[in-house]
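Please read the following note with the coordinates open beside you. The points take up charged pairs, cysteines, one helix contact and some backbone angles, in that order.

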Amino acid sequence: MQCSIVVPVYNEARVLPIFLKRLAELSKNWEAQGITTQVVLVDDGSTDESVEIMKKSAPPRSKIVVLERNYGQAIALNAGLDRTKGDYIFTLDADMEFDPFILNKFLSKLKEGYDLVSGVRVIRNTSILRRFASYNINFFSHHLLHIYLRDLTCPVNGYSSFLLKKVKKQGPLLFLKVKAVKWATKVAEVEIQQLSRSKGYSRYNFLKLFALFLEFIVHHSRHIFQRIMLLGTGLLLFSLLTGVVYFFLRILAAISPSRIFQALVILIFFTGWQTLIVGFIGEYLLRLHRLLEENLPSYKIKQILEVK
């Protein structure tokens with residue numbers, strides 16, 4: 001049996017020595033059980049000494065993928081997942097908010113026959129901002145995508161290679177868990193504790209979290225702009241129908257004139273037009289974006305290093 005662990009790294013030089021030591025201990029533990037371990041470390045354009053530390057301290061048989069620039073965590077994971085060979089594949093962050101040995105829980109579930117094991121953070125030592133962003137993504141996925149995982153944004157997950165092969169046929173592995181849950185036959189969730197950072201700090205500020213949320217919407221809400229167009233059309237028709245009824249009632253002298261009502265009908269009319277136009281432009285740009293995404297590489301690799 002072979003297991004692959006994919007770890008995106010971005011400016012984690014302060015905590016990497018501790019993380020890689022624990023990862024090497026886990027790898028040694030699995031080797032003693034007859035499990036071959038492949039570690040794929042993806043440097044997402046770090047500007048500190050992260051790459052040098054990985055060269056010195058990465059576990060044996062590790063692969064270090066150095067990207068040309070900072071693309072973001074989702075694309076960095078994609079670059080690593082493209083180079084896995086294991087029967088089971090795990091994703092994990094390098095910030096030591098999760099101890100690598102926690103992957104033993106995920107491995108046990110995969111051995112039971114589950115093809116997707118999703119982490120659920122029960123004790124979350126993160127900022128209110130990150131919790132708010134996670135809540136919004138989970139809320140959006142529940143109500144619009146009908147994905148009912150408890151913690152969609154948890155970075156610790158396990159997949160069977162069979163499941164990943166099916167998902168890869170659908171396109172790039174961006175936001176992998178969202179795509180994987182749609183194709184998985186058996187899904188398990190594992191509760192895990194999120195530790196406080198001993199060193200370093202989170203790279204997610206408000207703008208990055210907001211950009212991540214927008215990217216999530218663009219990639220997975222295939223009908224959102226069609227719904228916006230439908231809403232605009234509904235407002236437009238409602239204002240026209242209301243205006244016609246009001247006009248005939250005024251001719252028949254059944255009601256007295258009301259400037260407030262007239263202003264409200266006009267407001268709904270123009271709001272409907274604007275909503276319809278926004279939906280149309282959004283749908284056009286979304287389709288254009290997906291056409292470009294299919295024909296352009298999502299990342300460029302600066303170098304790939306093998307650790308023996």
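1. E25, with a relative accessibility of 31%, counts as partly exposed, where buried means under 20% relative accessible area, exposed over 50% and partly exposed in between, for a 1.4 Å probe and protein chains only. R22 falls in the partly exposed class as well, at 27% relative accessibility. The two residues form a salt bridge whose closest N and O atoms are 2.9 Å apart, the term being used for a side-chain nitrogen of Lys or Arg within 4 Å of a carboxyl oxygen of Asp or Glu. Both belong to helix α1 (residues 16-32), where they are three residues apart, about one turn of the helix; helices (H or I, at least four residues) and strands (E, at least two) are DSSP runs, numbered from the N terminus.

2. Before going further, please keep in mind that this is a predicted model, in which local features need pLDDT of at least 70 and side-chain atom pairs count only at pLDDT 80 or more, while totals for chains, interfaces and linings use all residues. Residues are numbered from 1 along each chain as its sequence is written, and side-chain values use heavy atoms, with hydrogens and water left out.

3. The pair in α1 does not stand by itself, since R22, E25 and D99 are linked in a network of salt bridges. How many salt bridges does a search of the whole structure find? The search returns eight.

4. Another of these joins the side chains of E306 and K63, at 3.8 Å from N to O. E306 lies in strand β8 (residues 301-307) and K63 in strand β3 (residues 62-67), so this salt bridge ties together parts that are 243 residues apart in sequence. The partners fall in separate accessibility classes: E306 counts as exposed at 53% relative accessibility, whereas K63 counts as buried at 14%.

5. The side chains of D151 and R121 also meet in a salt bridge, with an N to O distance of 2.7 Å. Because D151 lies in the loop between α5 (128-145) and β6 (157-160) and R121 in strand β5 (residues 116-123), the pair ties together parts that are 30 residues apart in sequence. Both D151 and R121 are buried.

6. As for cysteines, a search of the whole structure finds zero disulfides, a disulfide being a pair of cysteine sulfur atoms within 2.5 Å. C3 is buried, with a relative accessible area of 0%, and C154 is buried too, at 2% relative accessibility.

7. The axes of helix α6 (residues 161-168) and helix α7 (residues 176-183) come within 9 Å and cross at roughly 105 degrees, which makes α6 roughly perpendicular to α7. Here, axes are lines fitted to C-alpha atoms, for helices over the stretch in contact, with angles running from 0 to 180 degrees between N-to-C directions; angles of 65 to 115 degrees count as roughly perpendicular. In the contact (heavy atoms within 4.5 Å), L163, L164, K166 and V167 of α6 meet L176, K179, A180 and W183 of α7.

8. Most residues other than glycine have a negative phi. N11, which is not a glycine, nevertheless has a positive phi of about 50 degrees; N11 sits in the loop between β1 (2-9) and α1 and is buried, with a relative accessible area of 12%. M96 likewise has a positive phi, near 65 degrees, and is placed in the loop between β4 (88-91) and α4 (103-111), where M96 is buried with a relative accessible area of 12%.

Conventions
Parallel < 35°, antiparallel > 145°, perpendicular 65-115°, else oblique.
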